[in-house]
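Biologist: Before I trust any labels, I'd like to hear the reasoning behind them. Can we go through the model together?

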Amino acid sequence: MTNVLLVGVDREFGERISSIPGHWVLTIDKGEPEKNELAVAVNKSSHEFHPDVIFVGSALSLDSALDYAKIVLETYPTIAVVLVANPDRGLIRKATRVGIRGVVSEAITDRELSDLLERAGAQVAPSLDGSTRHSHHVVVVASPKGGVGKTTTTVNLAAMLAEDAPGQVVVLDLDLQFGDVTTVVDIVPEYTVTDALASGASDSMLLRTLLTSHPAGFYVLAGATNPGDTGTVSGDQIRKLVSQFATSFRYVIIDTPAGLLEETLASLEEASDVVFVTALDVATLRAVRKEIDVLTELALLPPRRHVLLNRADRRTGMTVRDAEKILGLPVDAVLPASDKIALASNHGQLAVLRDKRKEIRKPFAQLAHKISDVIELNTSHKGKELP
């Protein structure tokens, strides 16, 4: 049962939500709720009504809606607030910055509306003490083969997520022997993962002091400078490290080594999402499929799976559909074969920030959209084609 509060929404839209079974709906008709009277805990039928989801509608001005959502979320951070308005990129960015979970049009279908309620409600997860907490994303970037673009994917994905959630994204370089995240983004860290592991990963505030900031709005925990420094790292240490960062950041993006080493398996135990990076060739695709099968057998495959097809080129004689048949998973983003990515990495820059024509930026934006908390169900998704 999801408790839904409607604030200033159109009557017809409210009736559509009320008609969806499995939800307890309460409506506040007045247009401008008092800023000090949030009306999110209302006595009804002698029971406390605590909303899981709040829809804020057009009876409020945009500024009032954003202010209202900000105040609500400062007091009740676990509530999913959804803005009912005509979505556009600028509005979505403003909404995300104050913590609004989604922007939807009144024209969405009943099926989409039902799916939205399920997704928004599911993102408020119960904790061990029975309270609720905000759902954070731990995203493991993985591939059985090296050289397919895991690190490139990690840093560019982090940059895209940080555009809408600045300061709330951290990259962990857990390719413990030969991680090169800091090299790719041209930053010089004062501390590395070696220092973080030596700290015991027991204090989130202490761990934050070990991070290096990037101008694009995300943080990096650098890989070890000496491959021998992390030779005795255990899975328990990795799990504890990832878990601690997940309490402080909305997005934890993890770069992993090729294959299924201990650091990758331990990270996947804490993961909400996995991004499989693959090239468009039979050998790599089959290797990724084997990795998926092994993780399934080990019960380590996260509930949310994404695929980025890197260096896609029609001249390989293969299509996106061919890749999906081999993988058994849909392809979420197709990154074209381009020397722009290597050029950006060699200059310590992010390809998504250099790309003026957006042929590189668009696939990473699609992937970030799939991973992020933002709910946008008013648009249809057309099939992906090779560049």
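**Labels and the values behind them**

Modeller: Sure. Let's start with Ile341, which sits in helix α13. Keep in mind that this is a predicted model.

Biologist: What makes Ile341 count as buried?

Modeller: Its relative accessibility is 11%, and buried means under 20%. The value falls below that cut-off, so Ile341 counts as buried. As for its surroundings, its C-alpha atom is 9.9 Å from that of Arg311, a residue 30 positions away along the chain.

Biologist: Which cavity does Ile341 help to line?

Modeller: The largest cavity, along with residues including Thr152, Val155, Ala344 and Leu350. Two elements, α5 (150-164) and α13 (339-346), each give two or more residues to that lining. The structure holds 1 cavity of 30 Å³ or more, and the volume of the largest cavity is about 30 Å³.

Biologist: How do you know what character that lining has?

Modeller: By sorting its residues: 6 are nonpolar, 4 are polar and none is charged. Val and Ile count as nonpolar, for example, while Asp, Glu, Lys and Arg would be the charged ones.

Biologist: On to the rings. Why is the pair of Phe13 and Phe55 called edge-to-face?

Modeller: The search of the whole structure gives 3 aromatic pairs. In this one, the centres are 6.0 Å apart and the planes meet at 70 degrees. Pairing needs centres within 6.5 Å, and over 60 degrees counts as edge-to-face, so the name follows. Phe13 belongs to helix α1 (residues 11-18) and Phe55 to strand β5 (residues 53-56), 42 residues apart, and the pair thus links distant parts of the chain. Both Phe13 and Phe55 are buried.

Biologist: And why is the pair of Phe245 and Phe249 called tilted?

Modeller: Here the centres are 6.3 Å apart and the planes lie at 45 degrees. Under 30 would be stacked and over 60 edge-to-face, so this pair is tilted. Phe245 and Phe249 are buried too. Ring pairs also bring in Tyr219, making a cluster of Tyr219, Phe245 and Phe249.

Biologist: What lies over the face of Tyr219?

Modeller: That's Arg208, at 6.0 Å from the ring centre.

Biologist: Now the sheet. What makes β12 and β17 edge strands?

Modeller: Each of them, β12 (212-213) and β17 (333-336), pairs on one side only. The order is β12-β13-β11-β14-β10-β15-β16-β17, an open sheet of 8 strands with mixed pairing.

Biologist: How do you know that β16 and β17 pair?

Modeller: Strand β16 (residues 304-312) is joined to β17 by 3 bridges, and the two run parallel. Pairing takes at least two bridges, so they qualify. One partnership to look at is Leu308 with Ala333 in β17.

Biologist: What holds for the neighbours of β10?

Modeller: Both pairings are parallel: 5 bridges to β14 (residues 251-255), and 4 to β15 (residues 273-279). Val138 is placed opposite Val252 in β14, and Val141 opposite Val275 in β15.

Biologist: Why is β10 described as mostly covered?

Modeller: Because 6 of the 6 residues in β10 (residues 137-142) are buried. His137, Val139 and Val141 point one way, Val138, Val140 and Ala142 the other, and all of these are buried. In a regular strand, side chains alternate between the two faces of the sheet.

Note on methods
Residues are numbered from 1 along each chain as its sequence is written. This is a predicted model: local features need pLDDT of at least 70, side-chain atom pairs count only at pLDDT 80 or more; totals for chains, interfaces and linings use all residues. Side-chain values use heavy atoms; hydrogens and water are left out. On a 1 Å grid over the protein atoms alone, a cavity is a set of points where a 1.4 Å probe fits but cannot get out, and a pocket is an open set with protein on both sides within 12 Å along at least five of seven lines; lining residues have an atom within 4 Å of a point. Grid points are joined across faces, edges and corners, and a volume is the space filled by probe spheres set on the points. Buried means under 20% relative accessible area, exposed over 50%, partly exposed in between (1.4 Å probe, protein chains only). A charge sits over a ring if NZ of Lys or CZ of Arg is within 6 Å of the ring centre and within 35 degrees of the ring normal.
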